Structures are given as structure tokens and as C-alpha cells.
Amino acid sequence: LDLAEKAAQGADTTVLIEGETGTGKELLAEYIHYLSPRSAFPFIPLNCGAIPKELFESELFGYEKGAFTGALEKGKMGKVEAAEKGTLFLDEVADLTPDGQVKVLRVLEEKEYFKVGGVDKKKADVRIIAATNRDLAAEVEKGSFRADLYFRLNVVKLSILPLRSRKEDILPLFRFFIDRFNEHF
């Protein structure tokens, strides 16, 4: 948490959060966002593993009207635009396709993107926090994840241990949830 608090102060610092499923990676990303200078702006999560690869680019960048069959008449805002001046949280970033990895890398390196079907360059003023339940360094070694994207994401790396490895947290969590559920019910 101390490192997360320090990382939060760098408004443009990219953070990579690693941990097993269910360890609270998104909660930690929100914590970083709300301690950051970008906290007055949106925190937009995007689960990279839950979006079909054919739709990923339009979800990330949005699209112009008439960009493809079935597109909304007036186009659609993407997650990068929705997170403008705030934080874009890329959950399950290891599930990005090679093409998706290139697109995210461009946003990180050039701070710009194109909407699907668009010809005008858009500026991207977002902080990116990424999370994964896989070892990205091993994915790079296997060739399934781009090394340049890994190094861009891995500016500050936070690892969350599973609860079985931090048993001292069980009682405080138990008290927190008992209080919360007692208040609610």
C-alpha cells in the first residue's frame, strides 16, 4: 500500500498489478486512482479478456458514425475517451491479442489514437493501470506478450498475495465485512 500511495502521486505513471483472481486488483487500482491528481476525473475499467477480439478496438477507441454495419448512427465513445484526464484500468491485460497489444502500446507511447473509421488523430490524456493474474514476464519469454508493451506497463509493479499467504488479514477483513453486512441487513 505504501508503494501504491507513492505511485498514485505520479499522475502519468503506469502501474502493473499482478495477483491471482479475486485478490482485489481492481480495488487497488481504484485506490491508486483516488489518491492521484487525476481523482476528480473518471476511473474507467475495461476487462480485456471479456471483449471479443473483433470488438476490442471499438470498445477501446470508439467509432465514427457509419464505421461498420450495425454501428450506431452517431458513433460511439470509447473507453480511452471516457477516461479522459482520469484513469483507464485494463484488467486481464495478458488476454490482449497481438493486435490489441499494438493498439495499447501506441496509446502509451504516442498518447494518441484513432477511432474506428476515423481519420482524425485524437489525443489520449489518460493514466493506464493494468492488471493480470498471469506472469507477464513469462508470457514475454514465451512470445505471447510484447516485450515493449510489458516494459511500458511495468513502470511500477505491485503484487497482491492471495489471502492464504497473508493470514493476518483474515480477522480485519472479517470484521470489515461483518460490520458492512450488519449495517446493510
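The following exercises, each with a worked solution, concern salt bridges and helix packing in the structure above.

The structure is a predicted model, in which local features need pLDDT of at least 70, side-chain atom pairs count only at pLDDT 80 or more, and totals for chains, interfaces and linings use all residues. Residues are numbered from 1 along each chain as its sequence is written, and side-chain values use heavy atoms, with hydrogens and water left out.

**Exercise 1. Salt bridges**

Task: State how many salt bridges the model has, and describe the one between Lys 103 and Glu 57.

Solution.
1. A salt bridge is a side-chain nitrogen of Lys or Arg within 4 Å of a carboxyl oxygen of Asp or Glu. This rule gives 17 salt bridges.
2. In one of them, the side chains of Lys 103 and Glu 57 meet at 3.9 Å, N to O.
3. Lys 103 belongs to helix H5 (residues 98-110) and Glu 57 to helix H3 (residues 53-61), so the bridge ties together parts 46 residues apart in sequence. Helices (H or I, at least four residues) and strands (E, at least two) are DSSP runs, numbered from the N terminus.
4. Glu 57 has a relative accessible area of 30% and is partly exposed. Buried means under 20% relative accessible area, exposed over 50%, and partly exposed in between (1.4 Å probe, protein chains only).

**Exercise 2. A salt-bridge network**

Task: Locate Arg 134 and Asp 95 along the chain, and name the network to which they belong.

Solution.
1. The side chains of Arg 134 and Asp 95 form a salt bridge of 2.7 Å, N to O.
2. Arg 134 is in the loop between strand E8 (127-132) and helix H6 (136-142), while Asp 95 is in the loop between strand E5 (87-91) and H5; the pair, 39 residues apart, links distant parts of the chain.
3. Arg 134 is partly exposed at 31%, and Asp 95 is partly exposed at 36%.
4. The network of salt bridges links Asp 95, Arg 134, Glu 139 and Lys 142.

**Exercise 3. Packing of H3 and H5**

Task: Describe how H3 packs against H5.

Solution.
1. Two packed helices are described by the angle between their axes and the distance between the axes. Axes are lines fitted to C-alpha atoms, for helices over the stretch in contact, and angles run from 0 to 180 degrees between N-to-C directions.
2. For H3 and H5 the angle is about 15° and the axes are 10 Å apart. H3 is therefore roughly parallel to H5. Angles under 35 degrees count as roughly parallel, over 145 as roughly antiparallel, 65 to 115 as roughly perpendicular and the rest as oblique.
3. Phe 56, Glu 57, Leu 60 and Phe 61 of H3 make the contact with Gly 100, Lys 103, Val 104 and Val 107 of H5. Contact means heavy atoms within 4.5 Å.
4. By class, this contact of H3 with H5 has five nonpolar, one polar and two charged residues. Ala, Val, Leu, Ile, Met, Phe, Trp, Tyr, Cys and Pro count as nonpolar, Asp, Glu, Lys and Arg as charged, and the others, Gly among them, as polar.

**Exercise 4. Ala 4 and the packing of H1**

Task: Determine whether Ala 4 is buried or exposed, and describe how H1 packs against H2.

Solution.
1. Ala 4 lies in helix H1 (residues 2-9). Its relative accessible area is 1%, so Ala 4 is buried.
2. Not counting residues up to four places away in sequence, Ala 4 touches Leu 28, Tyr 31, Ile 32 and Leu 158.
3. The axes of H1 and helix H2 (residues 25-35) come within 8 Å and cross at roughly 45°, which means that H1 is oblique to H2.
4. The contact involves Ala 4, Glu 5, Ala 8 and Gln 9 of H1 and Leu 28, Tyr 31, Ile 32 and Leu 35 of H2.
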